[in-house]
Amino acid sequence: MATAELAGKHLVLGMTGGIACYKIAELTRLLTKAGATVQVVMTEAATQFITPVTMQALSGRPVYTSQWDGRVPNNMAHIDLSREADAIVIAPASTDFLAKLAHGMADDLLSTLCVARDCPLLVVPAMNRQMWQNPATQRNVVQLRADGIEVLGPDSGPQACGEVGDGRMLEAAATYEAVASFFAPKILAGKRVLLTAGPTFEPLDPVRGITNRSSGKMGFALARAAQQAGAEVHLIAGPVALETPWGVFRQDVQTAQQMHDAVMRSVADADIFIGVAAVADWRVDHASEHKIKKTAERALPTFSFVENPDILASVAKLPHPPFAVGFAAESGDLEIHGEEKRVRKNVPLLIGNLGPLTFGLDDNEVILFEASGATKLPRADKQALAHALIAEIARRLPDTSLIR
Ligand code: C5P
């Protein structure tokens with residue numbers, strides 16, 4: 001998560017009765033850490049699961065539970081609390097609360113707030129699988145969607161009652177992602193983005209291989225930013241220890257050849273290709289089928305190498321290429337190598353990492369190379385930079401309706 005990506009957003013976080021209330025403590029922390037103001041409103045039932053004291057401490061604001069709360073000067077909490085809000089998020093949203101929303105009922109502070117709102121409403125259902133599958137609940141969810149209410153989740157898996165199935169509330173981190181995604185401008189709506197990220201691993205034998213220090217952080221951050229911008233995202237990742245960004249389709253590969261083949265199978269559908277992976281330039285000609293043994297004579301093994309396919313250049317060479325973006329990690333003279341590399345790979349945009357190699361670090365400073373010249377972007381953490389780069393890419397997209 002990037003710091004302050006929800007800066008200035010004011011959220012009413014409505015909690016209804018359910019064991020998933022414990023997840024809202026963490027969700028509140030994630031939202032406030034991202035810069036959002038969180039006004040917690042709890043139903044009476046929610047206070048049976050977690051105390052208003054806990055939620056006040058985490059949100060840093062008084063918690064409201066009653067329609068008759070005298071702390072609101074005009075005694076109209078149900079109007080005032082939602083007027084400042086950019087969105088109301090109901091998490092967890094119980095079966096009963098979904099039913100109330102679907103019928104426009106207003107018999108407590110939270111339900112009245114929802115009916116009286118003039119901002120978007122997001123609900124994060126949490127319930128037992130039978131309650132979720134109940135035809136009445138399913139009818140209510142259809143009605144909520146038809147009313148323009150965002151339904152986030154639910155998840156599937158083991159439930160507090162011991163049963164397994166649909167109905168679990170999304171985890172706090174996934175709920176955070178869905179909320180952040182809701183607010184991101186949809187500058188890539190309807191676009192399909194294909195990305196490569198991370199290192200590749202070129203085997204020497206079944207246990208050893210050649211790889212590099214790419215962490216995959218920049219590529220994963222770009223995949224997340226593209227998803228939030230409304231794109232359908234396909235991420236082809238080398239071996240990395242990173243979680244798949246919410247809503248992104250991920251395919252894992254090991255070698256450059258596998259990455260190349262995976263890209264070539266999917267690229268025809270893509271509007272944008274972003275090659276962020278640090279692809280090995282060479283592989284061992286014939287990797288040993290068996291583990292290479294240390295010999296008694298201590299003779300050192302020797303390897304002969306062959307060149308790997310250049311994935312980015314292959315994409316750019318296609319008869320109808322997507323808008324192709326390359327990355328360049330140089331250890332010096334980026335200004336010279338960046339533009340030279342862009343021309344050699346024949347891509348409209350190449351993003352060069354400025355300064356020392358940034359593998360594994362959380363922030364980055366880049367220069368954009370394109371035919372019209374070079375532009376430097378300010379140093380930022382990789383997620384903030386990813387949002388800025390997606391905006392730069394979106395701005396440069398050709399009018400595809402004229403090309404395809
Ligand atoms: O030539 P160099 O490796 O520095 O180029 C970097 C760019 O080219 C990156 O976008 C990288 O993902 C891509 N690349 C590739 N296939 C290779 C080597 C690099 O797609 N075999």
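Visitor: Why is the link between Glu-177 and Arg-224 called a salt bridge?

Guide: In this predicted model, the closest N and O atoms of Glu-177 and Arg-224 are 2.6 Å apart, and because the definition asks for a side-chain nitrogen of Lys or Arg within 4 Å of a carboxyl oxygen of Asp or Glu, the pair counts as a salt bridge. Between domain 1 and domain 2 the count is one salt bridge, together with two residue pairs in polar contact.

Visitor: Where do domain 1 and domain 2 begin and end, and what makes us say that they are in contact?

Guide: The domain assignment places domain 1 at residues 10-183 and domain 2 at residues 192-402, and the centres of the two, taken over C-alpha atoms, are separated by 40 Å. Contact means heavy atoms within 4.5 Å, and six residues of domain 1 meet this condition with four residues of domain 2, so the domains are said to be in contact. About 490 Å² is buried between them, with 50% of that area on carbon and sulfur atoms.

Visitor: How do you know that β4 and β5 are paired strands?

Guide: Pairing requires at least two bridges, and β4 (residues 121-125) and β5 are joined in the parallel sense over two bridges, so they qualify as a pair. Val-123 has Val-151 in β5 as its bridge partner.

Visitor: What makes β2 and β5 the edge strands?

Guide: The open sheet of five strands has the order β2-β1-β3-β4-β5, with parallel pairing, and β2 (37-42) and β5 (150-151) each pair on one side only. Helix α2 (residues 52-59) lies across β1 and β2, running at about 170 degrees to β2.

Notes
Residues numbered from 1 in each chain as written. Predicted model: local features only at pLDDT ≥ 70, side-chain atom pairs only at ≥ 80, totals over all residues. Heavy atoms only, no water. Helix = DSSP H or I, 4+ residues; strand = E, 2+ residues; numbered from the N terminus. Axes fitted to C-alpha atoms, helices over the stretch in contact; angles between N-to-C directions. Domains from an automatic or database assignment. Buried area = accessible area lost by both parts, 1.4 Å probe. Polar contact = N/O pair within 3.5 Å; in protein donor to acceptor, adjacent residues only side chain to side chain.
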